[in-house]
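Reader: I should like to go through this model and ask, for each description, on what grounds it is given. Please set each value against its criterion.

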Amino acid sequence: MDKGFEELLEHWKSQKGNVIPLLQKTQELRGYLDREDMEAIAEVTGKSPAEIYGVATFYAQFRFQPPGKHTLKVCHGTACHVNGAEMLDLAIKTELGVEPGETTEDGEVSVERVACLGCCSLAPVVMLDQEVHGRLTGDKLKKVLRKVGT
Amino acid sequence: MTEVFVGLGSCGIAAGAREVYDTLRQELSQRKLPISVSVTGCIGACHLEPQIEVRTEEGERFLYGQLDSDKTLKVIEEHLVGGKAVEEYLIPFDYPYLAKQKKIVLANSGLINPESIEDYLAADGYKALRKAVAEMSPEEVIQEIRTSGLRGRGGAGFPTGLKWFLARGNAGTKKYMICNADEGDPGAFMDRSLLEGDPHAVLEGMAIGAYAIGADEGYIYVRAEYPLAIKRLEIAISQAEESNLLGSHILGSGFSFEIHVKEGAGAFVCGEETALMASIEGKRGMPNIRPPFPAERGLWGAPTNINNVETLGNIAPILRMGAAAYAAVGTEKSKGTKVFALAGKIKYGGMIEVPMGITLREVIYGIGGGIQGDKKFKAVQLGGPSGGCIPESLLDVQVDYDSVTATGAIMGSGGMVVMDETTCMVDVARYFLSFTQSESCGKCTFCRMGTKRMLEMLERITQGEGKMSDLEQLEELALKVKQSSLCALGQTAPNPVLTTLKYFREEYVEHIQNKRCPAKHCRELIRFRVIEEACTGCTLCAKVCPTQAATGERKAVHRIDQTLCIKCGLCYEACRFNAIELTTGEVPAEAGATEVEV
């Protein structure tokens, strides 16, 4: 166990409702949740590993595989849907060869499908790492993706 | 001194406001101009982003929209240096989108710096809290809110004053006040905008509520997808604590209240109050049976009161203006204003606040400017996955809780997505159901399985494989899902299906009987073909086609191989001669020449 993770456990150990914050901070630290870390969290929170795994798998935010270097979130909110978000999925498929939920073979980009990024008036939008790109078409998205160098 | 304000909300930033901000900062400091640049939230006119406002020493205000760095340089050169406003980028203050709104909750958004408590105080901030703790008893505060007629803005419209009254009435030394900011409806961003634009207003509302019900601890449960809102809330909380507006013995009184920010982890069902509390406690966010209601046994077993962000944003204004003045706005049973996120195929989208009782037509045409590209209006979707689609014949319906519910939709939290003739209503129903189906927590059988079976039927119909008997089965199952689900997610999940079946049944029938998608949206029922007479053989379609379905020699008519085409529409977008046609239904006889059939 490394120091950063140990400090995390120590900090949250005795706080009320600490399970989800612990999972979130661990994922922030590691990029994903692995079995060993979840077992350690179970131990400090006094719960069973199954319970921790049960909580983690309930929420969409948690990943159990290492993510790609870049994360591409494709918004499938209502406004994006009626403005053609499905076409963006197709463009991603043809450009990167992956579907939502997958990571490119070279480990560069993970593609996620999200419910709403809250930028409805710029629909359809994607979020590449921390940056939102709006008013996209399949072609424009391909240009955005080429900038990441994949 | 002249001041410049840049709107840096999430959508402003997405539209390029950061660039405008950086240009301003850089250029003004280089030129050593005595002009301050401040950050503000969103004024709600998302279609005009990035925006800046110039306020002169004499109090004159100029609003500029749709800027980029070059335009910003021009504003600096001609207006800030030259003293002459750049007319062509200027947005008049009587611009209908802005002028027809009534701002109570959003009064400060876009005008003050959300990261400055001084700005909020200067706008009469925390006056209501001061008044409550110094001059009013908790019962008087509750009575004031009851008199105002305020109803919960999270969707169901439960009277806020009554909710507080019930929470107050429950004995217990420990009580909690929770702000529900788990804005999960896809197509809604009101709460995000308010939290980003005026976080102190929400804190003040929470503190007044806590004082009224007797709580000393509170939680704000925010979606993790809203990092900027979380950051600004945390700044606001620490500022309020420093000024003794939160914390122990607030303003020297006997009232103490502390607030924690809790990040959600991505589960739509956590917007339901019992699921939300389970999630704060660190469990799977699954709803529990009510009663006991949270007011009796809520978070960690203590009496708890939960209000939505926008509801809390109304509290301080009510105490400031007085319940009677507030109740003068709106209709008999729905008081005050409602914030909507206007999006979809609307011309001028963004966040708007309108008085209750305004008609949908006035919102869509008067404020939103009608449909993009002047296409034909088809429906407006209210209430997200729990709501429904309202057709044109009902556009004169008033926006209030009861009138909207009578249409089969619900007021919901405020998502208002406008759809035009190119939106397929069967697909919209399928879309919402696929959302609720995947977000169902799985506790109730009908919600878990019933929505799945309904989704399968809708998928079949959109693929041209539906049967007429599917329609009756959909209706039957919809009713059962509504009746047999514990929480609002299941109880309302069938609404989008039921309203589209009610108002747009002919579209379902077209998909089933004629294998046509009238909106030309459903991929299995459409095809792209080359119009021979229009094709110049420029090869552009062949270049963009990812599957080599579009082929042809230079200067010769191209063709699209239907067996290879994945209907991505790239050729249709790319063609400069309108030589690619989108069709649905039976293949026309003459099509054989340009289409390779299986």
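Reader: Where is G450(B) placed?

Author: In this predicted model, G450(B) belongs to helix α18 of chain B, residues 445-462.

Reader: Why does G450(B) count as buried or exposed?

Author: The criterion for a buried residue is 20 or more other C-beta atoms within 10 Å. G450(B) has 24 C-beta neighbours inside 10 Å, and therefore counts as buried.

Reader: Which residues is G450(B) in contact with, leaving aside its neighbours within four places in sequence?

Author: They are L477(B), K480(B) and V481(B). For P494(B), 44 residues from G450(B) along the chain, the separation of the C-alpha atoms is 9.7 Å.

Reader: What makes strand β9 of chain B a mostly covered strand?

Author: The strand spans residues 304-308, and five of its five residues are buried. Both directions are represented: T304(B), I306(B) and N308(B) point one way, N305(B) and N307(B) point the other way, and all are buried.

Reader: How do you know that β6 and β9 of chain B are paired?

Author: Pairing requires at least two bridges between two strands. Five bridges join β6(B), residues 176-181, to β9(B), so the criterion is satisfied, and the two strands run parallel. Within this pair, N180(B) stands opposite N308(B).

Reader: Why is the sheet containing these strands called open?

Author: The four strands follow the order β8-β7-β6-β9 in chain B, with parallel pairing. β8 (258-263) and β9 of chain B have a single partner strand each, so one side of each edge strand has no neighbour in the sheet. From one strand to the next, the twist averages 20 degrees.

Reader: Which helices lie on this sheet?

Author: α10(B) packs on it, touching β6, β7 (217-222), β8 and β9 of chain B, and its direction makes about 150 degrees with that of β6(B). α13(B) lies across β6 and β9 of chain B and runs at about 90 degrees to β9(B).

Reader: What makes one side of helix α6 of chain B its buried side?

Author: The helix covers residues 127-135, and its buried residues are A128(B), L129(B), A132(B) and V133(B). They span an arc of only 120 degrees around the axis, which means that they lie on the same side of α6(B). The face turned away from that side carries the exposed residues A134(B) and E135(B); the criterion for exposed is 12 or fewer C-beta neighbours.

Reader: What do the buried residues of α6(B) pack against?

Author: They pack against three helices of chain B, namely α7 (138-148), α10 (199-213) and α13 (309-321).

Reader: Turning to chain A, what elements does it contain?

Author: Chain A has seven helices and four strands, which run α-α-α-α-β-α-α-β-β-β-α from the N terminus on. Of its 150 residues, 39% count as buried.

Reader: Why is the pairing of β1 and β3 of chain A accepted?

Author: The requirement is at least two bridges. Three bridges join β1(A), residues 70-75, to β3(A), residues 126-128, so the requirement is met; these strands run antiparallel. L72(A) stands opposite L128(A) in β3(A). α6(A) packs on the sheet, touching β1, β2 and β3 of chain A, with its direction at about 150 degrees to that of β1(A).

Reader: What is the strand order of this sheet, and which strands are its edges?

Author: This open sheet of four strands has the order β2-β1-β3-β4 in chain A, with mixed pairing. The edge strands are β2 (109-114) and β4 (131-133) of chain A, each of which pairs on one side only. The twist averages 25 degrees from one strand to the next.

Reader: How many residues does each chain give to the contact?

Author: The contact takes 38 residues from chain A and 48 residues from chain B. On the chain A side, the elements that give two or more residues are α2 (19-30), α4 (49-58), α5 (78-82), α6 (85-96) and α7 (138-147). The residues of that side divide into 22 nonpolar, 15 polar and one charged.

Key: Residues are numbered from 1 along each chain as its sequence is written. Chains are lettered from A and ligands numbered from 1 in the order in which they are written. This is a predicted model: local features need pLDDT of at least 70, side-chain atom pairs count only at pLDDT 80 or more; totals for chains, interfaces and linings use all residues. The arc is that of the directions from the helix axis to the C-beta atoms. Two residues are in contact if their C-beta atoms, placed from the backbone, lie within 7 Å. Ala, Val, Leu, Ile, Met, Phe, Trp, Tyr, Cys and Pro count as nonpolar, Asp, Glu, Lys and Arg as charged, and the others, Gly among them, as polar. Axes are lines fitted to C-alpha atoms, for helices over the stretch in contact, and angles run from 0 to 180 degrees between N-to-C directions.
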